[in-house]
Amino acid sequence: MVCKPKAADKTVYDAEFSFRRILENQYEVPLLKIAGSTVRVSRERKFGDIESAQNYCNLMTKKFNLSPVEVVKGSSDGRYATMGGGVMTLPPFALRESVVLHELAHHYSTVSGHGEMFTAKFVELVHYAMGAEAAFILRVSFYEMGVKVA
């Protein structure tokens with residue numbers, strides 16, 4: 001799956017960017033009022049190199065009984081992370097947990113694209129890896145953008 005913006009996927013990406021902005025502001029706003037609840041914002045892992053992202057993917061694929069994923073370095077000017085054929089390509093900007101989980105959701109989902117099955121798998125992975133609060137924030141971001149989750 002190549003994660004390039006298409007008209008049909010724009011709202012999914014917009015919701016994810018909203019989610020990532022919240023994670024990035026975690027140090028300034030550790031408690032967030034969202035959808036009538038106050039939640040503690042999770043810390044997002046940042047990977048220092050491809051090997052660290054590979055180790056993380058190894059743990060996640062084992063936990064969810066998925067086939068192995070090979071993580072490779074994308075070009076330094078790459079704008080997109082990709083997942084296909086068991087290979088995850090990560091340019092430098094993508095060495096962060098939310099992007100890796102997005103790509104793993106493609107690997108985990110039984111259908112291509114960014115539909116309801118993908119979003120459900122993404123939320124499930126975020127819940128396991130980052131916690132219930134992060135999954136709640138992602139779900140609310142999806143809801144606010146009109147993105148459906150199976």
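I began with the pairing of β4 and strand β5 (residues 87-90), and in this predicted model the two run antiparallel and are joined over three bridges. Looking at the register, I found M83 standing opposite M88 in β5.

I then traced the sheet as a whole and noted three strands in the order β3-β5-β4, forming an open sheet with mixed pairing. β3 (70-73) and β4 (82-84) are the edge strands, and each has a single partner, so one side of each is left without a neighbour in the sheet. I looked up the turn between neighbouring strands, which averages 20° with direction ignored.

Next I checked which helices lie on this sheet. α2 packs on it by touching β3 and β5, and its direction makes about 160° with that of β3. α3 packs on it as well, touching β4 and β5, with a direction about 155° from that of β5.

I turned to helix α1 (residues 10-24), whose 15 residues reach 21 Å from first C-alpha to last, close to the 21 Å expected at 1.5 Å a residue. Its buried residues include V12, Y13, F19, R20 and L23, and among the elements covering the buried residues of α1 I noted β1 (31-34), α3 (97-108), α4 (116-130) and α5 (132-144).

For α4 I recorded 15 residues and a reach of 20 Å between its end C-alpha atoms, close to the 21 Å expected. Among its buried residues are F118, K121, F122, V126 and M130, and the buried residues of this helix pack against α1, α2 (50-63), α3 and α5. Just after α4, I found G131 with a positive phi of about 110°.

Terms used:
Residues numbered from 1 in each chain as written. Predicted model: local features only at pLDDT ≥ 70, side-chain atom pairs only at ≥ 80, totals over all residues. Heavy atoms only, no water. Helix = DSSP H or I, 4+ residues; strand = E, 2+ residues; numbered from the N terminus. Expected span 1.5 Å × (residues − 1). Buried < 20%, exposed > 50% of the residue type's maximum accessible area, 1.4 Å probe, protein only. Contact = heavy atoms within 4.5 Å. Pairing = 2+ DSSP bridges. Axes fitted to C-alpha atoms, helices over the stretch in contact; angles between N-to-C directions.
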